[in-house]
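The exercises below are meant for a reader who meets this structure for the first time. Each task is followed by a solution in steps.

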Amino acid sequence: MTDLTKMFNPDSVAIVGASNSEGKVGYIIVNNMINDGFKGNIYPINPKDDEIQGLKAYKNVSDLPEVPDLVIISIPSVLVNPVVEECGEFGVKNMVVITAGFKEIGGEGVERENELVALGKKYGINIIGPNSLGITDSHSLLNASFSQIMPPTGNIAFISQSGAMMVAIIDWSVTSGIGFSKIISLGNKAGTTEIELIEYLSDDDETAVVICYLESITEDDDFVRTLRKVSYKKPVIILKSGSSSAGAEAASSHTGALAGSDVAFDTAFKQSGVFRVTTMDELFDVGLAFSKCPLPTGRNLAIITNAGGGGVLSVDAMERYGLELVKFDEETNERLKAAVPEEGSIKNPIDVLGDAPVIRYKESLEAVLDSDDVDGLVVMVCPTASADADGIAQALVEGASEFDKPVIAVNMGGPTFENANDVLRDNGIPTYVFPETAVKVFDYLARFAAVQDRNYDDPVGEIDDVDKEAVEAIFAKVKEEERDTLLGSEAYAVAEAYGIEAAPIKLATSAEEAGQLAEEMDFPVVLKIASDKILHKSDIGGVKVGIQSKEEAEAVYEEIIANAKKAHPDIVPNGVEVQKMMDSGIEVLVGMIRDAQFGPMIAFGMGGVLVNLLEDVSFKLAKGMTTEEITEQMEDTKVMGLLKGFRGEAPGDIDAVKSAIVRVARLTLDFPEISELDINPIFVYEKGSSALDIKIKLG
């Protein structure tokens, strides 16, 4: 793991481009370093001045009396790389490049950034930037940025790929009640990436939660496994803007058509244990909850409110997020009866009435939290004339301190709750304005608790009964013939080599051979034209089903060839494929679309002719796929209900489907030249399964 300790906790910092001219970035950074209380040595670097803002200035980094732990660079872009070279030779290991004018401008900027990357690798320098607004660490009092406000001290680390977003958030945080451990502007990510930063922050004692605004994800050969190593330690929440190109170029298969523009990122984040949010509000709402709350041990939630409408909204939100509304035991009910007037309600959500005094909230809260059935509590306060906002806040603080359970406050108002919100947040209770938000963040808390208990086995990596050499030979033949799509018989041979159960299909190049193959397969059989250039085979009379004899197979062979020549006189077919007709079963699809960044994405869902209409499909990344995730993938689809046995119908062999998913994943990992793979349908029986139509495309 990259050691970034001295990046954020330096004993000495040099600022290249330091200035005495107010308004310049070099002036602002030096001023921040001095006025925000940094305790280490500050070294301004500027060849034109002997003194900058009361500090001795130096002409070059190499003139310094020590090797600085951190160098901040804010000079014209054409001068940056020579300074980086000098720093590398001097032994500098950590650097933030504020300067813009690199790959974001194209042309020579790209070349300049490539050189910067090379210098960082040559000298082993951790580089943040270029085109960065800098970094802050509120615990070491490091404000190496050109934001003029030091963010409030806290335990949220914020990584932002947008510098403007970073500055805006720092300004907003002063009045939001949210504190930060570190704020990092990534810039162009020419050196240190968000993945390396997340790894470092996962072991940072000052950080409880990592939140990120990202416009791109750094390519990592093992993204899922890398982030899994850290996401079980601390929650990682990402707002990813933009979209992936996954599936955008490939609608030639069912799987490609079903893979939406952003599916790859959603899938990668979920399998990594990372939480993806969709708005800035959600990013900081969830971050606040993780920064304050202990984790729940389950999904059972209780609600206390002085407004019936808020309780109803909360229950609606709980249903959306799959949370359980606790039913209290008799002992809890008796305690609530003593605390709540008859006009109220002791049934969850508990209505303590609009005139509720502080003591009613306090006694209700303690009764609920004392129940072993309750994993968390949302307390809502509507600003009625009799509501003592500050007193209720103090009661929440005192009551919650006795229990290791998340308590979330919903203060439904504005100025009335300013002081109460400060008290609550200062004492580990997050506050929100609306009940739906509170329910949502509890869902995230419960999901992270579950992530920590996940089993990360690797069934895809455990397969040894495969014949890679056979597949290599098939692909070599296809490439030699300058084709990119396998014939059905070739695709079947690939499936057979990887233990994927499928209906036998063989290629015949003469009528006699078709009759012989049909007889060997046992009737009935299907015959279909073999050509990667003829797409709609049924439309031209290129498919015949239910053939019952050798003689019929021979005659149908001649008929299919004649139909193909008539419809496509310019195409020479490879022959006719003979396939064993299988009994019908539950129809499912297993497929793969290769994402440019994350590799093969495995699809599972309802198969058959309605696949694109119903879009009952779920995706997982092949790399790092676990047994638990395969089960989740199947459970995410409606066809799983059929496999379990729907309305008295016989169930399907779920283990056979899981085997097909695992073996398709292994095949696509072993052969990166497979760009698309589509098996639709697979007939699933009470025992076993059989793939009918297999399409494999090479790219």
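In these exercises, Ala, Val, Leu, Ile, Met, Phe, Trp, Tyr, Cys and Pro count as nonpolar, Asp, Glu, Lys and Arg as charged, and the others, Gly among them, as polar. The model is a predicted one.

**Exercise 1. The protein as a whole**

Task: Describe the make-up of the protein and the box that its C-alpha atoms fill.

Solution.
Step 1. The protein has 24 helices and 30 strands.
Step 2. Taken along the principal axes, the box filled by the C-alpha atoms is roughly 100 × 80 × 40 Å.
Step 3. Of the 699 residues, 56% are buried.
Step 4. Consider contacts between residues at least 6 apart in sequence: 71% of them join residues at least 24 apart.

**Exercise 2. The second largest cavity**

Task: Determine which residues line the second largest cavity and how they divide by class.

Solution.
Step 1. The lining is made of E194, I195, I198, L214, I217, F223, L227 and I238.
Step 2. Two elements, α6 and α7 (223-231), each give two or more residues to this lining.
Step 3. The largest share, three residues, comes from α6.
Step 4. By class, the lining has seven nonpolar residues, no polar residues and one charged residue.
Step 5. The space in this cavity is about 30 Å³.

**Exercise 3. The largest cavity**

Task: State how much space lies in the largest cavity and which element gives the most to its lining.

Solution.
Step 1. Two cavities of 30 Å³ or more are counted, and the largest holds about 40 Å³ of space.
Step 2. Its lining consists of V379, V381, A389, I392, A393, L396, A409, N411, F417, A420 and L424.
Step 3. At least two of the lining residues come from each of β18 (376-381), α14 (389-400), β19 (407-411) and α15 (418-426).
Step 4. Helix α14 gives the most, with four residues.
Step 5. Sorted by class, the lining has 10 nonpolar residues, one polar residue and no charged residue.

**Exercise 4. The second largest pocket**

Task: Find which residues lie nearest the centre of the second largest pocket, and describe its lining.

Solution.
Step 1. This pocket has a volume of about 640 Å³.
Step 2. It is lined by 24 residues, and those nearest its centre are W172, S176, R425, T431 and V433.
Step 3. The elements α5 (163-176), α10 (280-292), α15 and β20 (431-432) each supply at least two lining residues.
Step 4. The classes of the lining are 10 nonpolar, nine polar and five charged residues.

**Exercise 5. Helix α24**

Task: Compare the expected span of α24 with the distance between its end C-alpha atoms, and explain why the helix is described as largely enclosed.

Solution.
Step 1. Helix α24 covers residues 654-670, which is 17 residues; at 1.5 Å a residue it should span 24 Å.
Step 2. The end C-alpha atoms are 25 Å apart, which agrees with that span.
Step 3. Because 13 of the 17 residues are buried, α24 is largely enclosed by the rest of the structure.
Step 4. At the N-terminal end, D653 acts as a cap: one of its side-chain oxygens lies 3.3 Å from the backbone nitrogen of D655.

**Exercise 6. Helix α2**

Task: Identify the buried residues of α2 and the strands against which they pack.

Solution.
Step 1. In α2 (residues 25-35), the buried residues are G26, Y27, I28, I29, V30, N32 and M33.
Step 2. These residues pack against β1 (12-16), β2 (41-45), β4 (55-56), β5 (70-73) and β9 (142-145).
Step 3. Just after the helix, G37 has a positive phi of about 95 degrees.

**Exercise 7. The surroundings of S202**

Task: Decide whether S202 is buried or exposed, and list its contacts.

Solution.
Step 1. S202 is placed in the loop between α6 (194-201) and β12 (209-214).
Step 2. Buried means under 20% relative accessible area; with a value of 7%, S202 is therefore buried.
Step 3. The side chain of S202 reaches the backbone oxygen of E199 at 2.6 Å.
Step 4. With neighbours within four places in sequence left aside, S202 is in contact with V230, K233 and K234.

**Exercise 8. Backbone geometry**

Task: Locate two cis peptide bonds and two residues other than glycine with positive phi.

Solution.
Step 1. One cis peptide bond joins G129 and P130, with omega about -5 degrees; P130 lies in the loop between β7 (126-128) and β8 (134-137).
Step 2. Another cis bond joins N680 and P681, with omega about 0 degrees; P681 is in strand β28 (residues 674-684).
Step 3. L141 has a positive phi of about 60 degrees and sits in the loop between β8 and β9. At 29% relative accessibility, L141 counts as partly exposed.
Step 4. L353 has a phi near 75 degrees and is found in the loop between β17 (350-351) and α13 (358-369). Its relative accessible area is 18%, so L353 is buried.

Technical notes:
Residues numbered from 1 in each chain as written. Predicted model: local features only at pLDDT ≥ 70, side-chain atom pairs only at ≥ 80, totals over all residues. Heavy atoms only, no water. Expected span 1.5 Å × (residues − 1). Buried < 20%, exposed > 50% of the residue type's maximum accessible area, 1.4 Å probe, protein only. Polar contact = N/O pair within 3.5 Å; in protein donor to acceptor, adjacent residues only side chain to side chain. Contact = heavy atoms within 4.5 Å. 1 Å grid on protein atoms, 1.4 Å probe; cavity = no way out; pocket = protein on both sides within 12 Å on 5 of 7 lines; lining within 4 Å. Points joined across faces, edges and corners; volume = space filled by probe spheres on them.
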